[in-house]
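Grab a viewer and a notepad: here are a few exercises, each with a worked solution. Try each task before you read on.

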Amino acid sequence: MPPSVPRLALLALLLHAAPAWPLDPGLPVAQAQHTGWQRDAQAPANIVAMAQTPDGFLWLGTGGGLVRFDGVRFERVDPLGGHPRLSGSVTALQALPDGRLLIGHRFGGVSILGPDGLQHFHGVPGLPVGNCWDFAVDAAGDVWGAFTGGVARLKGGQWQTFALDGEPVPFRTIVRDPQGTLWVTARTGAYALAAGGTAFQRVQVDLPSFPFLSVAPGGQVWAADFARQRLVALAQHGGRFGAASGVLPLAFPAQADRHWFDADGGLWVRSGQGLLRMPRPTEGPVVAGVRQPEVQLLGPAQGLEADAQSFLEDREGNVWIGTASGLHRLRQSHVTRVPLPGGDGAVGVAPAADGGVWAISELGGLHRVAAPGQPPLQAQPLGLAGQRLTHVHRDAGGAVWVGSNSALWKIEPGRPPQRVPRPDAGDAPQGMAFAPLHALATDASGVLWAHLVVKGTFRLVQGRWQQVDNDPAARIMSLGNDPQGRLWIGYVDRGAARIDGDQVLRLGPAEGLDIGAISAVHARGARVWLGGQRGIALYEGGRIHTMPLPGEAVQPAVVTGIVETEAGELWVQSASGLMRIAAAEWRRALSEPGHAPQVRRFDADDGLQGSASQIRPLPSLVQSQDGRLWSALPSGLFVIDPARLRRNPLPPTVLMRQVMADGRALVPGAGAGASASAQTLQLPTGGVAELRLDYTATSLGMPQRVRFRYRLEGYDADWREAGPRREAAYTKVGPGRYVFRVVAANEDGVWNERGAQLALEVPPAFWQTRSFAAALLLLALAAGVLLYRWRVRALGQRLQAQAEVRLRERERIARDLHDTLLQGVTGLTLQVQAAADEAPAGSPLQARLLHALDRAQDVMEEGRDRVSALRTTGDGPVRTSPPLGTALAAAIGELAIDFPRIHCQFRQQGPQRPVRPAVADELVLIGREAVCNALRHAQARRVLLRLRYGRHALALRISDDGQGFDAQRAEAAARAGHFGLAGMRERAATIGARLRIHSGPRGTVVVLTVRDAYCADEHAPDPL
C-alpha cells in the first residue's frame, strides 16, 4: 500500500530539514567529539555509500552488502532477496522522500527497498550496464542514476537511457540543484539537464575527466578541477551552462578528489593527508584569483586512519564518514576539550581579567587560553614547562600567582613570570619537594595567603612571609573569596572559616556544616557555596543549608568545583561528572529537606572525559568573564558555554525490530520505512511462556542517552520504565489480543509520545475456547444432576433401611414393655383390687387403695398409649391431649397426693400458645421428673413449678426450698442405675432445649428454656 500524502510530506520534510545541531564552524574539526567503529566486531568495513531514510536509520553500502545502523547496533540486510544475477556489493544509496531506499549494485542493477520488500531492476530495457555510481531525484520525483554504461531515468516503472552530446559512457556523479537542474560528470567533463528539458548539454568549462560535483546549501554547484587545483562554481546563463559569474574559484588541495558540503556551508575534501575541512570556504585571502580559505585537517593523528570513501550529515547534524576500515562520527558536543601544548595532567585553571582563563598543567607549564585576539579555544604557552605546577590564582589586581612543588611565580600584565621566594625558601630542596604549594588566595587587604602541604599556612605581608597557623591539624583544602574580598578557608576536617580582618567566623558541625573536607568555595552576591566530600552547603543570611545531590546515598558526591551563574543555575563538578541544577530546583531542595534536585549531567557522552582530581589543583571549575565554564581535570582542560547549550528538538523515531516467542523469531516488519502499527502479529496458539519484544529508536547523536517506556495493553496495568534497555520481556502470555506500545525520549528529554505499536494475538487452543468451556460446563451440570439423583436415591434407600431397622426395634421394645411392664402392672392392680375388697368399707385404707388402683389404671393406659405409639408409623389417628399447662398442673397434683405435708403449686405466665407435640411431651416428662425428685429426696416444704410463655422462647422453672444435692453423688447414682438427671438432659437435648440445674443448701432450681417450641401455625390447637 503506498504511503498517504500527509506521510509523504512529513517524510520529505524530515529528509530536507536543516540539521538540528550541526558542527560549530568556529571550532577546529579536531575538537569535535569523534567516535569510531572501525574495530567493532559488528561494524562493517569498506563503506562506499551512505543514506539516511526518514525513519532515522543510517544505511551503509559496503563491499560486503547492505547494513542498517540505529546508533547502537549494526544490522545486516539482504539487498538481493534471492536474486540470482545481482551483486552483493553496494556502490550507491539514495533515500527517497516516501521512505524507500535506492540501492545501486556493483556490476549493474538497481534495487528499491520499501515497506513491501524489494523491487529489482537488472537486465531490463533502458537500464545501462555496469556499476551504479550515484542517484538523484528530480523535481517530478523521478529517479536518475549514473552508471558505467550511461545515465538513465526511472519513470513509471520503466528505465530510459539519455545520451550526453555524443558520449554515452561512462558517468560517475549526478546531483540536482534547487532549480531542478541535473548535473552529471563524464569522461569529457560535466553535463547539465535543465528542469523540463529533454537533453543534456555540455557545460562550457574546461574540466578534467570525471570531475566530482557537490552542491552547497545555497544551491551553488561546484566541480573539482584537479589539474588546476581549484573548485569551480557552475551555473546556467540563459540556455547555456558554464562557470558562475562573480564567484571566485576555491583552492583545492593537491591529491584531492571527492568533496562534500555540510548544512552550514562547510566544505569537506578528501585528500592524501586525510579529510580536510574548510569551515568558511567563501572567506579567506585571494591569491591569483583563487580564494584560499582556512583548512583544518582530520587525519591519522586525529583518529581518521583511512581515506574517506563516503560522507553524510544526518538530520541531527552529526557528520558520518565511511572509510575502508569502518565508520566515524563527528558531532558537536556540549563540552569541548582544549588541548594544552606540552601535555595535560593535573590541570589547574583561574579566570583571566580580560576574558578567557589562565591554565596550568603539571608538566606543560602556564598557558593563556581564549585571550582577546587569539583564535577561539587556542592555548598560548607562557613558559614554566616541566616545573610540576600545582596551583594558579589571579588576584584582584590582575596579577597571576603560580605555585609548584618547589617554587612560586608572579605574572603581571605585560611582564614575564617573576619568581617569588616560597615561605620555606630556606629549607633543603628535598623538603620542599614533599611540600607542594596547595592553595593560594588574597584577602580583602590584598595580602597573599599560601598553604603548603605539611608546613602550614602563610601570609605575604610587605614582602615577608608570616605563618598563620602552625597547628599541623589545621589542614587547608581550599581558599576562596566572596564579593567583599573576605577570605574563606575550607579545611580538611574543621569545616570552614571566614577571615575579615581580625574577625574570624568559624563554621562546623555545630553550625550545621558537616560535608567533610571543603574542596571548593564559590560566592555570588550574599551567597557562599561550599563543596565537600559529602555534597554541597550554602551559607546565606547567617545560616548553613545543606543540599543532597542525586546518587549521594549510593556514593558520596565529592564536590571539587561550584559555580552559580548570573541566571541562577548552579553548576557542580563532582567525581561523577559535571552537573547543572536549575535555580528553582536548588531553591526547592534547600527549602524542602529530603528533596533531591533534578540535575542534568555532563560526562564523557557530552565530551567531558575523565573525572576531577580530589586533591589538587583546586577548584576544578571556574567561570570566565564571558560566562563560559572551564573544567580542569587530570585528563585535560574542558569548556562549556551555558548560554549556548543546544537542545535536540527532534524526538527519536521508534520502531519495532523483532519479536521472539518461546525462542522463535517473528519479524513484524522489514525494509526501509516499514511500520508495524497496522499489522497484527500471530503468536503461537495456546499461549507464550516467554515473549521478548525487540525495539529501537533512531537518535544517532547520543543513542546511549535515549530512554524508553513501554506497555503491553491487556497485560500491563501501567507503563514500564525501561531506561536505555531496548527489549521488553514477558512471561505466561495467555490467549487474547494485545497491543504493545513503546515510546522514547532523546538525550534532552524530548519524547516521541506516538512511538511505535504492534498488535499481537495469541489464538486460543481448542480447550481454551469459550465453546469448549461451555461444553465442559454443560457436562459438569449433567454430571451434577446425575450425581444428585444418585445421591438422593442412595439416601432414600439408606433412610428406608434405617426406618425399617428403627421400626423393628420399636416393635421389639413395645413387645417387651407389653410382656413385662404392662403385665406386671396388671398383676399388681389385681392384688391391689383384692386388698381393697378385703379392707373395711369406707375406711381410709380402702380409700388409699382405691386411689392407688385408679393411678395404676392411668399408668396402664399411658403405657398402652406409649406402646401403641411405638408400633405406629404415623398413618394412624392423631392423639389429642389437654393443653401443656393443664397437663403440668395435673402431673404436680397427682404427685402431691402422696406428700400432703409439702406445698406444691403451679403457675402459668403469658398468653397461652400452641406448643409442638414433641416439645410438650418432653416438657411434661422433664417436669414430672424434677418435681418427683424434689418430693422424694429434697425434704422440701415447698415446690413451685412455673411455666412462662415468652415471645421467642418457652421456659419451665421448677424450684424447691429443700436441702439440695451433691453433683458427685448424682453422678454415682447414675452409674448405679438411677437415670433421673441423665434422662432429663437427654430429653432436653432431643428438643434442642437449654437445661440449667443449680443446687445448694437452700434448695434446687431447674430451668428449661426452649426457643423453637411453638407451632408454625399459631391457631393450631395445643397438642396436650
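Before we start, one convention: axes are lines fitted to C-alpha atoms, for helices over the stretch in contact, and angles run from 0 to 180 degrees between N-to-C directions. This is a predicted model, where local features need pLDDT of at least 70 and side-chain atom pairs count only at pLDDT 80 or more, while totals for chains, interfaces and linings use all residues. Residues are numbered from 1 along each chain as its sequence is written, and side-chain values use heavy atoms, with hydrogens and water left out.

**Exercise 1. Get the overall numbers: how many helices and strands does the protein have, and what share of its residues count as buried?**

Step 1: Take helices (H or I, at least four residues) and strands (E, at least two) as DSSP runs, numbered from the N terminus. That gives nine helices and 73 strands.

Step 2: Buried means under 20% relative accessible area, exposed over 50%, and partly exposed in between (1.4 Å probe, protein chains only). With that cut-off, 48% of the 1024 residues are buried.

Step 3: Now contacts, meaning heavy atoms within 4.5 Å. Among contacts with a separation of 6 or more, 54% are between residues 24 or more positions apart.

**Exercise 2. Work out the strand order of the five-strand open sheet, and find which helices lie across its strands.**

Step 1: Count two strands as paired if DSSP finds at least two bridges between them. The order comes out as S69-S70-S71-S73-S72, with mixed pairing.

Step 2: Look for strands that pair on one side only: these edge strands are S69 (903-909) and S72 (994-1000). From one strand to the next, the twist averages 10°.

Step 3: Zoom in on S70 (residues 942-949) and S71 (residues 954-960), which are antiparallel and share seven bridges. In one of these, Leu 947 has Leu 956 of S71 as its partner.

Step 4: Add the helices. H7 (residues 917-937) lies across S69, S70, S71 and S73 (1003-1010), at about 10° to S71. H9 (residues 980-990) lies across S72 and S73, at about 155° to S72.

**Exercise 3. Which residues touch the most other members of the largest nonpolar core, and which element gives the most to it?**

Step 1: Build the cores as sets of buried Ala, Val, Leu, Ile, Met, Phe, Trp, Tyr and Cys residues joined through side-chain atoms within 4.5 Å.

Step 2: The largest has 37 residues, and those touching the most other members are Leu 884, Val 915, Leu 923, Val 931, Val 943, Leu 954 and Leu 956.

Step 3: Sort by element. H6 (884-897), H7, S70, S71, H9 and S73 each supply at least two residues, and H7 gives the most, with ten.

Step 4: Check Leu 954. Leaving out residues up to four places away in sequence, its contacts include Leu 884, Val 915, Leu 923, Leu 947 and Tyr 1014. Apart from this core lies another, of 28 residues, with Met 656 and Leu 760 among them.

**Exercise 4. Classify the ring pair of Trp 529 and Trp 586, then that of Tyr 695 and Phe 740.**

Step 1: Rings of Phe, Tyr and Trp (its six-membered ring) pair if their centres lie within 6.5 Å; planes under 30 degrees apart are stacked, over 60 edge-to-face, and the rest tilted. The structure holds 25 such aromatic pairs.

Step 2: The centres of Trp 529 and Trp 586 are 5.0 Å apart with planes at 90°, so this pair is edge-to-face. Trp 529 is in S50 (residues 527-532) and Trp 586 in H3, so the pair ties together parts 57 residues apart in sequence. Both tryptophans, Trp 529 and Trp 586, are buried.

Step 3: Tyr 695 and Phe 740 make a tilted pair, 6.2 Å centre to centre with 35° between the planes. Tyr 695 sits in S63 (residues 688-698) and Phe 740 in S67 (residues 736-745), so this pair ties together parts 45 residues apart in sequence. Tyr 695 and Phe 740 are both buried too.

Step 4: Follow the ring pairs outward: they link Tyr 695, Phe 708, Tyr 710, Tyr 715, Tyr 730 and Phe 740 into a cluster.

**Exercise 5. Why does Ala 596 count as partly exposed?**

Step 1: Locate Ala 596 in the loop between H3 (583-591) and S56 (599-602).

Step 2: Its relative accessibility is 37%, so Ala 596 counts as partly exposed.
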